[in-house]
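Please look at how two helices pack and how they sit on the neighbouring sheet. The model is predicted.

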Amino acid sequence: MAILEVNGLKKKFDDDEILKGISFSMEKGQTLSILGSSGSGKTTLLRCLNFLEVPDDGTISVNEDLLFFADNAKLTDVQIRKNRHHFGMVFQQFNLFPQYTALENVILAPKLEAKSKEEVNEIIERGKELLTKMGLSEKMDNYPHQLSGGQQQRVAIARALALSPDILCFDEPTSALDPELTGEVLKVIKELASQHTTMIIVTHEIGFAREVSDEIIFMDGGVIAEQGTPEQVIDNPSNERTKQFLANYLK
């Protein structure tokens with residue numbers, strides 16, 4: 001059974017049609033990478049899945065639960081918050097709260113939903129476990145300005161995991177990092193993939209996508225131009241735009 005099913009997803013801003021009918025599905029435990037040049041619709045797709053943008057048409061289902069369809073395009077704030085629980089989002093720019101420590105950033109959202117002191121204590125312990133898993137056991141009481149970019153992004157990953165989402169989404173998670181710090185973050189994502197965490201990764205790291213992905217989507221002009229295994233899409237692309245894109249990135 002597919003954990004995520006997307007059918008005919010469309011989104012435009014004013015007269016600019018960014019997504020022109022995107023359809024795909026993925027299984028639980030898979031890692032799906034989305035490649036494409038700037039303006040191809042990658043980030044808009046991810047933002048629609050996370051309900052940071054509301055699509056204009058199409059459907060989104062998680063575990064056969066229909067979260068979005070064209071007739072409910074005017075979702076309430078309550079519905080949007082509920083839908084977002086299915087997805088954890090890791091942004092390019094970390095988006096940590098500067099006034100909170102690493103641990104406080106991780107546990108803030110779950111604590112808002114806690115119904116007892118026992119739940120709060122469990123959330124705190126879970127936050128500590130996640131930061132330890134990210135290699136940040138010594139940095140829990142540090143504020144974002146006291147952390148490197150790679151450390152901040154690892155806090156952001158722990159924060160996304162803290163709500164136990166069905167699908168973890170990354171939007172160019174290393175684009176704001178220098179090459180040395182990029183390796184730190186990619187190592188964490190590889191470890192999550194080895195644990196069969198369900199992930200969607202928008203990335204420009206072609207070699208990383210080849211190594212970590214079960215499936216790859218190449219987007220061009222708001223459509224899926226090519227989809228398949230890393231061997232199919234990266235090593236033996238059939239679409240001319242895919243070939244041109246990879247030639248530019250791999251030369």
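## Helix pair H5 and H6

H5 and H6 cross in a right-handed sense. H5 covers residues 149-161 and H6 covers residues 179-194. Their axes come within 8 Å and cross at roughly 25°. Angles under 35 degrees count as roughly parallel, and H5 and H6 are therefore roughly parallel to each other.

On the H5 side, the contact is made by Gly-149, Gly-150, Gln-151, Gln-153, Arg-154, Ile-157 and Leu-161. H6 meets them with Leu-181, Glu-184, Val-185, Val-188, Ile-189 and Leu-192. By class, this contact has 7 nonpolar, 4 polar and 2 charged residues.

## The sheet

The open sheet has 6 strands, in the order S6-S7-S8-S3-S9-S10. Pairing is mixed. S6 (87-90) and S10 (223-228) are the edge strands, and each pairs on one side only. Neighbouring strands are turned by 20° against each other on average, direction ignored.

At one edge, S10 runs antiparallel to S9 (residues 215-220). The two strands are joined by 5 bridges. One pairing links Asp-220 to its bridge partner Val-223 in S10.

## Helices on the sheet

Which strands does H5 lie across? They are S6 and S7 (167-171). H5 runs at about 170° to S6, one of the edge strands.

H6 lies across S3 (31-35), S7 and S8 (199-202). Its direction is at about 150° to S8. S7 thus has contact with both helices, H5 and H6.

Conventions
Residues numbered from 1 in each chain as written. Predicted model: local features only at pLDDT ≥ 70, side-chain atom pairs only at ≥ 80, totals over all residues. Heavy atoms only, no water. Axes fitted to C-alpha atoms, helices over the stretch in contact; angles between N-to-C directions. Helix = DSSP H or I, 4+ residues; strand = E, 2+ residues; numbered from the N terminus. Parallel < 35°, antiparallel > 145°, perpendicular 65-115°, else oblique. Left-handed = near helix turned anticlockwise from the far one by under 90°. Contact = heavy atoms within 4.5 Å. Nonpolar A, V, L, I, M, F, W, Y, C, P; charged D, E, K, R; others polar. Pairing = 2+ DSSP bridges.
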